[in-house]
Amino acid sequence: MTTTVYARVESPLGELLLVGEVPAGDGPDTAEGVRLRSLSVPGQKGGVAVQDGWRHAPEAFTDVTRQLEAYFAGRSTRFDVPLAEGPGTEFQRRVWAVLESIPYGSTVSYGEVAAQVGASGAGVRAVGTAIGRNPLLVVRPCHRVIGADGALRGYAGGLERKKLLLGIEGGAGRSEP
């Protein structure tokens, strides 16, 4: 049995909602046991909302918050955050694993992600859907996936936030669709 904890953190993207799981036996007051399950931005398509029974525990997210602050300030290029298993189909998890391998400051196309998971042709649309269901915005860098023509395409948190994140990483010169 796990306890679900959450915190709200200010960021350049707006107030982030962090949701995590603490395994039974680990107190939710300690950051050591929390596994991040979701990171949502305001107005996010498919974003989570606080549920009854969740415990507000900002102290459980001290390390995650510190890493996010360093990322947004341009002092960090990666996250070292324990992640919860969370929802997702096998296909979505394969797509999300590709997202996690995209280097900081780099972008790839939806077609390139599709090729890496063996979903060519019409599979590009399924890849786009899987990317859109990524529950860990910023930490799992779905913002690094762009159109084959270099245009910014689909981002559950909105294209302005995608542009901001790419700007932080040095990719601000992307064209709009």
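Helices (H or I, at least four residues) and strands (E, at least two) are DSSP runs here, numbered from the N terminus. The model is predicted, so local features need pLDDT of at least 70 and side-chain atom pairs pLDDT 80 or more, while totals for chains, interfaces and linings use all residues. Residues are numbered from 1 along each chain as its sequence is written, and side-chain values use heavy atoms, with hydrogens and water left out.

**Exercise 1. Place Ser-11 and describe its surroundings.**

Step 1: Start with the location. Ser-11 sits in the loop between β1 and β2.

Step 2: Is Ser-11 buried or exposed? Ser-11 counts as buried because its relative accessibility is 15%; buried means under 20% relative accessible area, exposed over 50%, and partly exposed in between (1.4 Å probe, protein chains only).

Step 3: Now look at the side chain of Ser-11. It reaches the backbone nitrogen of Leu-13 at 3.0 Å and the backbone oxygen of Gly-14 at 2.8 Å.

Step 4: Turn to contacts (heavy atoms within 4.5 Å). Setting aside neighbours within four places in sequence, Ser-11 touches Leu-16 and Phe-72.

**Exercise 2. Find the residues that touch the most other members of the largest nonpolar core.**

Step 1: Fix the term. A nonpolar core is a set of buried Ala, Val, Leu, Ile, Met, Phe, Trp, Tyr and Cys residues joined through side-chain atoms within 4.5 Å.

Step 2: Pick out the residues. The largest such core has 42 residues, and Leu-68, Ile-131 and Val-138 touch the most other members.

Step 3: Trace the elements. β1 (2-9), β2 (16-23), β3, α1 (62-72), α2, α3 (110-116) and α4 each supply at least two residues of this core.

Step 4: Follow Leu-68. Beyond its neighbours within four places in sequence, Leu-68 is in contact with Leu-16, Leu-18, Leu-39, Phe-79 and Val-138.

**Exercise 3. Describe the lining of the largest pocket.**

Step 1: Fix the term. On a 1 Å grid over the protein atoms alone, a pocket is an open set of points where a 1.4 Å probe fits, with protein on both sides within 12 Å along at least five of seven lines; lining residues have an atom within 4 Å of a point.

Step 2: List the residues nearest the centre. The lining has 26 residues, with Lys-45, Gly-132, Arg-133, Asn-134 and Ala-156 nearest the centre of the pocket.

Step 3: Which element gives the most to this lining? That is α4, with four residues.

How values were computed
Polar contact = N/O pair within 3.5 Å; in protein donor to acceptor, adjacent residues only side chain to side chain.
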